[in-house]
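Please open the model in your viewer and keep the selection panel at hand. The stops below say what to select next and what is there.

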There are 2 protein chains.
Amino acid sequence: MDKGHSNVQRQNGVALWRQIADRIRTSIANGDYDATGKVPPEMALAAEFGVNRHTVRSALAALAQEGIVRPMQGRGTLIERKERLTFPIRRRTRFIEGIGDQAREKEGLLLHSAEEPASAELAARLQVPEGASVIRLEIVRKADGRAVARSTAWFPAERFRGLEQAYRDSGSITAAFGKLGLSDYLRAATEITATHADSGDLADLKLSPGAIVLVTRALNTDTEGVPVQYAITRFAADRVQFTIEN
Amino acid sequence: MDKGHSNVQRQNGVALWRQIADRIRTSIANGDYDATGKVPPEMALAAEFGVNRHTVRSALAALAQEGIVRPMQGRGTLIERKERLTFPIRRRTRFIEGIGDQAREKEGLLLHSAEEPASAELAARLQVPEGASVIRLEIVRKADGRAVARSTAWFPAERFRGLEQAYRDSGSITAAFGKLGLSDYLRAATEITATHADSGDLADLKLSPGAIVLVTRALNTDTEGVPVQYAITRFAADRVQFTIEN
DNA sequence: CTCAAATGTCTATTGATATAGACAACCATA
DNA sequence: TATGGTTGTCTATATCAATAGACATTTGAG
């Protein structure tokens, strides 16, 4: 349906091989090559994008480095991995449940935690006094062993003391909340933006420079409407999409 | 709150000057330089990013080309423009109303229209027989003279004959629907992804290569739940953000 | 086995990217 | 008006990105 043009842009700060790598990665994610399970031959791609075969080879080498394709001499370039998780954003948004059966293994890895005073902006969002103590968790979310997002989440410390340990034990915010007596919570608001991956994204999400991250800023409240969590989550854009059902 | 690291990535297909231009553009949009109304001096930026001053100058030249900054010899580099529109996504999502008073002038420019048979995918979404006639509108949306998004929208032709003229007259989908007897419609589902700008985006949205677009795929229905419109809209990522209120 | 098709490797050349240094031009202000 | 801070311009050099061509190697099919 939305095919897009074939042409790539020259001499504008993004190397041709990277533009082409991005395009091929997207095509793989869209299932354009599912019929064969292979990427088209290098010469065909070179003709399609209007570049030299060596330029296409640079692009494919980058994709091979990411583990997306595997070149086989004499046979062609096989597609190794192809996925784009769909994330529903709704009143009861849960990371793990949102993935559902799109992945077998889901895990949340706690990178770092701290208790710290709330900045003015954060205090306003969590409706606590400025400088009040908040718990900050840094989490990398994985599905089938692939990092799909990294979150920084803040919680009012007074109400949720012990949250860090509860999260460590369960690997789930929902479960950790449950242990601390909060059986249900609701998504009050979500903001979505997109930007280029920063160095933290490259490291934690194993992205390549120039990659895109989808950034959500979300506020969760309890059933009374009292804020319980504010989180900034950065998703690898070529591994996820969001859906909002009304 | 989310500050991000300073370092840029070398030799990975995205030129340093472009990475730096993207970072500065984002900082401007975030209001990081609002205190002075100016970008930091070239030498300071060079030190911050760990590059040569000439590389920073290339980045600033690109931003000046976009009309975002204006260098003034002897004074510094002034910020010309800084904006990020917020778009609510909700049950009654309207482009023009969504902008609200964030911009004075809003317009929708009809680039192209056609009547064509529905593809299998489109037919499924609009719940019409495959090959049934649909109207396709290509629209560029502007706010205060700046292009913020471009849409491709499909409508069942049988029900909405004359839509093109109605849109031309009013510049609004909502108004065009109204003329054809549809007084209300609802957003049934929205998918959001992000990708790099393609050549069409560069032209229509006046983006620079490597820029990011937020892509929404949305289905609108009438109050009976019958699909009336399917639209793919590509937003310039550094000019907008989305909000979902629950 | 032979051939066509595909990826792998090598050399060479051109233009874009990045660094480095020096100095000119301009502005605000002390 | 003198000075420090800033952008503007120029030259030079090294590395990366892209093109071009030739040929080797591997695979699958006839």
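Begin by selecting the protein surface near DNA strand C, whose residues divide into seven nonpolar, twelve polar and five charged; here Ala, Val, Leu, Ile, Met, Phe, Trp, Tyr, Cys and Pro count as nonpolar, Asp, Glu, Lys and Arg as charged, and the others, Gly among them, as polar. This is a predicted model, in which local features need pLDDT of at least 70 and side-chain atom pairs count only at pLDDT 80 or more, while totals for chains, interfaces and linings use all residues. Residues are numbered from 1 along each chain as its sequence is written, chains are lettered from A and ligands numbered from 1 in the order in which they are written, and side-chain values use heavy atoms, with hydrogens and water left out.

**DNA strand C**

To reproduce the selection, take each residue with a heavy atom within 4 Å of the strand, which is what near means here. Around DNA strand C this gives 24 residues, the closest being Arg53(A), Leu16(B), Trp17(B), His54(B) and Thr55(B). Of the strand C atoms within 4 Å of the protein, 68% belong to sugar or phosphate and the rest to bases.

Next, display the polar contacts, that is, pairs of N or O atoms within 3.5 Å; within protein, one must be able to donate a hydrogen and the other to accept it, and residues adjacent in sequence count only if both atoms are side-chain atoms. Two of the contacts to look for reach phosphate oxygens of strand C: a polar side-chain atom of Arg57(A) lies 3.1 Å from one, and a polar backbone atom of Asn52(B) is 3.1 Å from a phosphate oxygen. At a base, a polar side-chain atom of Gln73(B) lies 2.9 Å from a nitrogen of DNA strand C. The elements that give two or more residues to this surface are helix H3 (53-65), strand S2 (69-72) and strand S3 (76-79) of chain A, together with helix H1 (16-30) and helix H3 (53-65) of chain B. Helices (H or I, at least four residues) and strands (E, at least two) are DSSP runs, numbered from the N terminus. H3(A) gives the most, with three residues.

**DNA strand D**

Now move to DNA strand D, which 24 residues surround, with Leu16(A), Trp17(A), His54(A), Thr55(A) and Gln73(A) the closest. Sugar and phosphate account for 66% of the strand D atoms that come within 4 Å of the protein.

Which residue's polar side-chain atom lies 2.2 Å from a phosphate oxygen of DNA strand D? That residue is Thr55(A). An N or O atom in the side chain of Arg75(A) is 3.4 Å from a phosphate oxygen of DNA strand D, whereas an N or O atom in the side chain of Arg53(B) is 2.7 Å from a base nitrogen. The elements giving two or more residues to the surface near strand D are helix H1 (16-30) and H3 of chain A, together with H3, strand S2 (69-72) and strand S3 (76-79) of chain B. H3(B) supplies the largest share, three residues, and by class this surface has seven nonpolar, twelve polar and five charged residues.

**The two chains**

Select both protein chains and superpose chain B on chain A: a rotation of 180 degrees with 0.2 Å of shift along its axis does this with an RMSD of 0.2 Å, by least squares on the C-alpha atoms of residues with pLDDT of at least 70 in both. That is the relation of a two-fold axis. In chain B, the C-alpha nearest the axis is that of Val14(B), 2.2 Å from it. Of the interface residues of chain B, 100% are also interface residues in chain A, so the copies meet through the same surface.

**Chain A and two buried residues**

With chain A alone on screen, eight helices and eleven strands make up the secondary structure, and the C-alpha trace spans about 60 × 35 × 35 Å along its principal axes. Of its 246 residues, 53% are buried, meaning under 20% relative accessible area, with exposed over 50% and partly exposed in between (1.4 Å probe, protein chains only).

Centre on Leu186(A), in strand S8 (residues 186-196) of chain A, which counts as buried at 8% relative accessibility. Leaving aside neighbours within four places in sequence, Leu186(A) is in contact (heavy atoms within 4.5 Å) with Arg91(A), Arg92(A), Leu219(A), Asn220(A), Thr221(A) and Thr223(A). Thr93(A) is 93 residues from Leu186(A) in sequence, yet the two are 7.2 Å apart in space, C-alpha to C-alpha.

Finish at Ser27(B), found in helix H1 of chain B and counted as buried at 15% relative accessibility. Not counting residues up to four places away in sequence, Ser27(B) touches Asp32(B) and Tyr33(B).
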